[in-house]
Amino acid sequence: MAKMSGGQAAVESLKAENVEHVFGLIGSATMEMFDALYDAEEINFIGIRDERTGTHMADGYARASGKPGVILAGQNGPGATNLVTGLAQASAAFSPVVSIAGALSSAHVYRDAFQEVDQQSLFKPVTKKTWTVTQVDRVPEMFREAFRVAMAPRRGPVQINLPRDVLSDTAEFEDLQAPETYRNQSLPEASGDAIEQAAAMLRGASKPVIVIGGGIKNLGGHLQALALAEALNTPIIMAPGHGDALPFGHPLNAGQMGPRGNPVASRLAKEADVILALGTRLGFNSTFYTYDNINKDAAIIQVELESTAIGRYFPVTLGIWADCVSTAVKLTAAVKEQAAKAEVEAWTDTYKQERTAYLAKRDADAIMTEAPIQPSGLFKELRSVLPKNSAFTMDAGTLCLQATDAMTYWEPPALFTPLDFGLVGFSFAAGLGIKLARPDKQVISLMGDGGFGMTISELSTAVQHNINTVTLVMNNQCWGAEKAYQRDFFNGRYIGADIVNPPYDQVAELYGARGFKADKLSDVADAVEAAIACGKPAVVDIAVDPAALYSFRRDSFKHRGG
């Protein structure tokens with residue numbers, strides 16, 4: 001037994017969970033917890049400039065490491081409300097973020113006290129679960145529950161609210177439990193009957209395709225997925241945002257499907273007679289929920305760890321509630337002895353020819369004019385200069401959406417995006433968390449100029465803590481996606497679309513980072529190589545043609561007659 005304050009018990013709980021990094025912004029509501037962190041040599045505290053961006057850092061760390069990411073908002077009220085956007089983003093990405101915030105003293109609740117807000121209600125819609133701790137002796141219990149829920153399938157963010165009086169009160173605490181004593185240690189596996197039924201459907205297919213998503217990526221199952229694809233001799237396509245689930249160079253890697261993918265992968269989804277959906281919801285970014293992007297007549301086998309996702313958007317012939325990685329291993333064993341089918345050979349040979357031709361055409365069609373820089377030319381330059389160990393973060397927005405399937409991802413995981421939340425202002429901050437999780441990776445953060453302007457203050461965090469990422473600001477002086485819609489569907493009636501930016505390379509230097517500028521295409525390679533080599537956080541301000549805009553969601557404006 002040991003006597004501790006609630007703040008000390010909270011930090012001991014983090015230590016028991018083997019937390020290595022805590023992202024946070026200090027505040028008076030949680031001073032007991034910060035004081036305890038002062039003595040916690042095992043935990044690296046990363047002081048941030050905004051709770052929203054700190055949550056993106058925790059999100060990036062969690063996705064890249066497979067461990068919980070921890071964000072601590074020191075102040076109740078405004079400090080807590082700033083967490084909401086980051087937690088909504090983490091929820092959309094099924095990212096295990098443990099968010100902690102100070103809360104009003106229990107005796108002041110419902111009295112219109114200073115910085116009072118109903119944090120319990122505030123966080124419920126954007127987390128898996130939210131707790132407000134009511135007694136100091138329950139602090140370890142609530143932390144155990146929070147980490148357990150965050151990491152349980154399907155993973156996601158949680159919120160702990162810690163009232164001031166709970167943090168300052170003291171109690172006698174027993175030794176804290178190790179995580180393995182209350183954490184699930186196994187995942188559901190497919191039954192033998194389900195495996196045989198799925199194998200029979202795959203053996204009978206003439207045009208099979210495997211679709212993979214976050215399940216394979218987050219569980220590190222690319223080798224198992226590729227072994228199954230090789231046994232079937234069938235291509236694999238990926239949900240947008242998960243184009244890094246397989247190494248780029250594998251001949252059966254068709255890239256990302258759907259409206260935001262490439263035409264080769266998209267054709268496979270539209271023509272396949274059997275679709276094995278392996279760890280993917282077949283959700284919005286992949287399909288827009290319509291048969292315009294997937295063959296209505298295909299037999300679908302869907303393997304999902306989240307049972308409610310099976311058949312949710314498209315009827316399935318066979319639903320398997322199981323871990324997709326172990327299912328891939330079992331299916332490989334079940335189909336590997338089958339004789340090669342001529343129809344499948346022809347299907348896959350045709351795909352390989354199309355894929356090779358598509359990649360060659362992508363390079364040949366890239367617009368390599370010096371200035372203004374065109375996105376296709378920029379992406380071609382980046383493909384040639386960026387190292388194979390690069391991990392990419394991206395925002396939403398027209399330029400990043402164009403980049404998603406244009407970059408090459410060699411070492412999974414290597415692509416981190418806002419996914420279905422479509423958030424601008426995610427990329428740079430998330431990259432800082434990813435770099436802490438994977439210091440071996442060269443982290444490249446692609447952003448538009450608007451999104452970088454939202455989050456530029458975290459350059460201070462990067463410099464102070466020596467988190468050396470490279471941010472490529474694709475500067476087209478506008479909110480590109482919205483300006484494209486105003487151009488294409490509202491007769492060029494622009495309002496709020498054009499923006500004025502400082503020279504971001506110079507701003508980076510003022511923060512103590514390194515800044516580089518590329519005004520013409522021939523500047524790009526040298527600037528990016530210098531940024532990678534400089535040994536500091538770096539920003540490359542790249543002047544991209546403001547007219548190079550693309551309307552991704554044309555379906556949203558059908559009523560406009562466009």
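This report describes two sheets, some helix packing and several salt bridges in a predicted model.

**The first sheet**

One open sheet contains 6 strands in the order β3-β2-β4-β5-β7-β6, and the pairing is parallel. The edges are taken by β3 (44–47) and β6 (129–132), each with a single partner strand, so one side of each has no neighbour in the sheet. From one strand to the next, the twist averages 20°.

Strand β4 (residues 69–73) has a partner on each hand. It pairs with strand β2 (residues 21–25) in the parallel sense over 4 bridges. Two of the residue pairs can be named: F23 has I71 in β4 as its bridge partner, and L25 has A73 in β4. With strand β5 (residues 97–103), β4 pairs in the parallel sense over 5 bridges. Here V70 has V98 in β5 as its bridge partner.

How many of the 5 residues of β4 are buried? The count is 5 of the 5, so the strand is largely enclosed by the rest of the structure. The side chains can be sorted by direction: G69, I71 and A73 point one way from β4, while V70 and L72 point the other way, and all are buried.

A helix also belongs in this picture. Helix α7 (residues 139–151) lies across β4, β5, β6 and β7 (158–163), and runs at about 165° to β7.

**The second sheet**

Another open sheet of 6 strands has the order β16-β15-β17-β18-β20-β19, again with parallel pairing. Its edge strands are β16 (415–416) and β19 (514–518); each has a single partner strand, so one side of each is left without a neighbour in the sheet. The edge strand β19 runs parallel to strand β20 (residues 538–543), and 5 bridges join the two. In one of these pairings, G515 has V539 in β20 as its bridge partner.

Helix α18 (residues 427–437) packs on this sheet and touches β15 (390–394), β16, β17 (442–448) and β18 (470–475). The direction of α18 makes about 170° with that of β17.

**Two helices in contact**

Helix α16 (residues 375–385) packs against helix α23 (residues 521–533) at an angle of about 35°, and their axes are 10 Å apart. The crossing of α16 past α23 is right-handed. Which residues of α16 and α23 meet? From α16 they are G377, L378, E381, L382 and V385, and from α23 they are L521, V524, A525, V528 and E529. By type, the residues of this contact divide into 7 nonpolar, 1 polar and 2 charged.

**A buried glutamine**

Q486 lies in helix α21 (residues 480–489). Is Q486 buried or exposed? Its relative accessibility is 14%, so Q486 counts as buried, since the cut-off for buried is under 20%. Leaving aside residues up to four places away in sequence, Q486 touches N491, G492, R493, Y494, I495 and A497.

**Salt bridges**

Side chains of opposite charge can pair when their charged atoms come close. The model has 23 salt bridges. Three of them are listed here.

| Pair | N to O distance |
|---|---|
| K129 and E145 | 3.6 Å |
| R154 and E304 | 2.8 Å |
| D244 and K217 | 3.1 Å |

The pair of K129 and E145 involves the first sheet and its helix. K129 lies in strand β6 and E145 in helix α7, so the pair ties together parts that are 16 residues apart in sequence. K129 is partly exposed, with a relative accessible area of 35%.

The pair of R154 and E304 links distant parts of the chain, 150 residues apart: R154 is in the loop between α7 and β7, and E304 is in strand β13 (residues 299–304). R154 has 19% relative accessibility and counts as buried. E304, at 5% relative accessibility, also counts as buried.

The pair of D244 and K217 joins parts 27 residues apart: D244 is in the loop between β10 (236–238) and β11 (253–256), and K217 is in helix α10 (residues 214–218). D244 and K217 are both buried.

Salt bridges can also be joined together. E12, K15 and E42 are linked in a network of them.

Definitions and conventions: Residues are numbered from 1 along each chain as its sequence is written. This is a predicted model: local features need pLDDT of at least 70, side-chain atom pairs count only at pLDDT 80 or more; totals for chains, interfaces and linings use all residues. Side-chain values use heavy atoms; hydrogens and water are left out. Axes are lines fitted to C-alpha atoms, for helices over the stretch in contact, and angles run from 0 to 180 degrees between N-to-C directions. A crossing is left-handed if the near helix is turned anticlockwise from the far one by less than a right angle, and right-handed if clockwise. Contact means heavy atoms within 4.5 Å. Ala, Val, Leu, Ile, Met, Phe, Trp, Tyr, Cys and Pro count as nonpolar, Asp, Glu, Lys and Arg as charged, and the others, Gly among them, as polar. Buried means under 20% relative accessible area, exposed over 50%, partly exposed in between (1.4 Å probe, protein chains only). Two strands pair if DSSP finds at least two bridges between them. A salt bridge is a side-chain nitrogen of Lys or Arg within 4 Å of a carboxyl oxygen of Asp or Glu.
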